[in-house]
Amino acid sequence: MKNPISEVVDQITKLVEVEKIILFSKKTDLNGEVSSFKICVITCGNDVQEYEKSIYIDVESDIPFDVIVYSSENWQKYLSEEGSFCNKVNSTGSVIYG
């Protein structure tokens, strides 16, 4: 069986033009199986609201997940701001695509 996070990443990369995906939270059950996760998607395009909506509507997953989408331009802008959410995700998360 494929990793549920990888399955979601595969689907997202087919929906939108992705520069990078960062996993910044993952919960596991008592058996060590992933029970939920949160990812940040940095896109090459600027229509982040439409991308986020499309991901939530079109991506199939057996476990709950949250996604936050940034354009590459906004990601770079906020990344340099100390204390910003982008800075925190970048420093504590793991790049899983890109």
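**Exercise 1. Work out whether S25 is buried or exposed.**

*Solution.* Start with the number: S25 has a relative accessible area of 19%. Now bring in the cut-off: a residue is called buried under 20%. So S25 counts as buried. Keep in mind as you go that this is a predicted model.

Next, place the residue: S25 sits in strand β1. Then look for its partners, skipping anything up to four places away in sequence: S25 touches S36, F37 and K38.

**Exercise 2. Do the same job for S54: find its element, its burial and its contacts.**

*Solution.* First, the element: S54 belongs to helix α2, which covers residues 48–58. Second, the burial: the relative accessibility of S54 is 18%, and that makes it buried. Third, the contacts: once you set aside neighbours within four places in sequence, S54 is in contact with L15 and V59.

**Exercise 3. Find which residues of helix α3 are buried, and say how they are arranged around the axis.**

*Solution.* Go along α3, residues 72–79, and pick out the buried ones: S72, W75 and L79. Now imagine looking down the axis of α3: the buried residues fall within an arc of 60°, so they line one face of the helix.

What does that face pack against? The buried residues of α3 pack against three strands, β1 (18–28), β2 (34–43) and β3 (65–71), and also against helix α4 (85–92).

**Exercise 4. Describe the fold of the protein chain as a whole, from its elements to its compactness.**

*Solution.* Count the elements to begin with: you should get 4 helices and 4 strands. Read from the N terminus, their order is α-β-β-α-β-α-α-β. Then check the compactness: the radius of gyration is 13 Å, close to the 13 Å that the globule rule gives for 98 residues, so the chain is as compact as a globular protein of that length.

For the outline, the C-alpha atoms fill a box of roughly 40 × 25 × 20 Å along the principal axes. For the inside, 34% of the 98 residues count as buried. Finally, take the contacts with a separation of 6 or more: 58% of them are between residues 24 or more positions apart.

**Exercise 5. Describe the surface and the charges of the protein chain.**

*Solution.* The accessible surface is about 6100 Å², and carbon and sulfur atoms make up 44% of it. Now turn to the charged side chains: there are 9 positive and 16 negative ones. Take the centre of each set, and you'll find that the two centres lie 5 Å apart.

Key. Residues are numbered from 1 along each chain as its sequence is written. This is a predicted model: local features need pLDDT of at least 70, side-chain atom pairs count only at pLDDT 80 or more; totals for chains, interfaces and linings use all residues. Side-chain values use heavy atoms; hydrogens and water are left out. Helices (H or I, at least four residues) and strands (E, at least two) are DSSP runs, numbered from the N terminus. The radius of gyration is taken over C-alpha atoms; the globule rule is 2.2 Å times the number of residues to the power 0.38. Buried means under 20% relative accessible area, exposed over 50%, partly exposed in between (1.4 Å probe, protein chains only). Contact means heavy atoms within 4.5 Å. Accessible areas come from the Shrake-Rupley method with a 1.4 Å probe; for residues, only the protein chains shown count as cover. Lys and Arg count as positive and Asp and Glu as negative; His and the chain ends are not counted. The place of a charge is taken as NZ of Lys, CZ of Arg, CG of Asp or CD of Glu. The arc is that of the directions from the helix axis to the C-beta atoms.
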